[in-house]
Amino acid sequence: MKWNLRLTAANKGIWKASELQRMLAEHGLVISAGKMSGLWSGQPVSLKLEDLDVICVVLGCEIGELLLPEPEKVSRPGQQETGQVAVAAAAGPAVVPRRRDGRSLPPA
């Protein structure tokens, strides 16, 4: 799934995370500046369904405008893997270090 909050908000005339944060608070959803920054600029690690309801009400949108399916990213049984992905899969699952907030570490 692709998180599409920023574009959805822009389509509704909301250009700043702080503006959306204030509007959400007016509807009972108080979000810290750090979490709001993550929602605005990245892919959320987790989000309550109740919070999605509030976001949709504030933006006047449907859930399908916030979450865009990406079926091409799903591997299918019998699908041919190529290149390094196939080699890595044969060697076992890759371990990808991540920060505590779920984001990837910068390249070394």
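This passage describes how the helices of one protein chain pack together and which residues lie at their contacts. The model is a predicted one.

The protein chain comes to 108 residues, of which 24% are buried. Its secondary structure consists of 6 helices and 2 strands, and these follow one another along the sequence in the pattern β-α-α-α-α-α-β-α. Contacts that span long stretches of sequence are well represented: when contacts between residues at least 6 apart in sequence are considered, 63% of them join residues at least 24 apart.

A convenient place to begin is helix α2, residues 17-26, and its packing against helix α4, residues 49-59. The two axes lie 10 Å apart and make an angle of about 110 degrees. Angles from 65 to 115 degrees count as roughly perpendicular, and α2 and α4 are therefore roughly perpendicular to each other. On the α2 side the contact is made by Leu20, Met23 and Leu24, which meet Val54, Ile55, Val58 and Leu59 of α4. Sorted by character, the residues of this contact are 7 nonpolar, no polar and no charged.

Helix α2 also packs against helix α3, residues 33-41. Here the axes come within 10 Å and cross at roughly 115 degrees, and the crossing is right-handed. From α2, the residues taking part are Ala17, Leu20, Gln21 and Leu24, while α3 brings Ala33, Met36 and Trp40. This contact divides into 6 nonpolar residues, 1 polar residue and no charged ones. Leu20 and Leu24 thus appear in the contact with α3 and also in the contact with α4.

Leu24 gives a good view of this arrangement. Not counting residues up to four places away in sequence, Leu24 touches Leu29, Ile31, Met36, Val54, Ile55 and Val58. Met36, one of these partners, is found in helix α3. With a relative accessibility of 1%, under the 20% cut-off, Met36 counts as buried. Beyond its neighbours within four places in sequence, Met36 is in contact with Leu5, Ala17, Leu20, Gln21, Leu24 and Ile31. For the pair Met36 and Leu20, a separation of 16 residues in sequence goes with a C-alpha to C-alpha distance of 8.8 Å.

These contacts lead on to the nonpolar core. In soluble globular proteins, nonpolar side chains tend to be buried together. In this model the largest nonpolar core holds 21 residues, and the members that touch the most others are Leu5, Leu20, Leu24, Leu59 and Leu66. At least two residues of this core come from each of α1 (5-11), α2, α3 and α4. The most are given by α4, which supplies 6 residues.

Helix α4 itself deserves a closer look. Its buried residues are Asp51, Leu52, Val54, Ile55, Cys56, Val58 and Leu59. They pack against β1 (2-3), α1, α2, α3, α5 (63-66) and β2 (67-68). Leu52 of α4 counts as buried at 11% relative accessibility. Leaving aside neighbours within four places in sequence, the contacts of Leu52 are with Trp3, Leu47, Ile63, Leu66 and Leu67. The C-alpha atoms of Leu52 and Glu62 are 9.8 Å apart, for two residues separated by 10 places along the chain. After α4 comes Gly60, which has a positive phi near 60 degrees.

Helix α1 offers a contrast between two of its residues. Thr8 lies in this helix and, at 2% relative accessibility, counts as buried. Apart from neighbours within four places in sequence, Thr8 is in contact with Leu59, Cys61, Glu65 and Leu66. Among these partners of Thr8, Leu59 and Leu66 are two of the core members that touch the most others. Asn11 also belongs to α1, but its relative accessibility of 60% is over the 50% cut-off, so Asn11 counts as exposed. The C-alpha atoms of Asn11 and Leu59 are nonetheless separated by 9.1 Å, with their positions 48 residues apart along the chain.

How values were computed: Residues numbered from 1 in each chain as written. Predicted model: local features only at pLDDT ≥ 70, side-chain atom pairs only at ≥ 80, totals over all residues. Heavy atoms only, no water. Axes fitted to C-alpha atoms, helices over the stretch in contact; angles between N-to-C directions. Helix = DSSP H or I, 4+ residues; strand = E, 2+ residues; numbered from the N terminus. Parallel < 35°, antiparallel > 145°, perpendicular 65-115°, else oblique. Contact = heavy atoms within 4.5 Å. Nonpolar A, V, L, I, M, F, W, Y, C, P; charged D, E, K, R; others polar. Left-handed = near helix turned anticlockwise from the far one by under 90°. Core = buried A, V, L, I, M, F, W, Y, C linked by side-chain atoms within 4.5 Å. Buried < 20%, exposed > 50% of the residue type's maximum accessible area, 1.4 Å probe, protein only.
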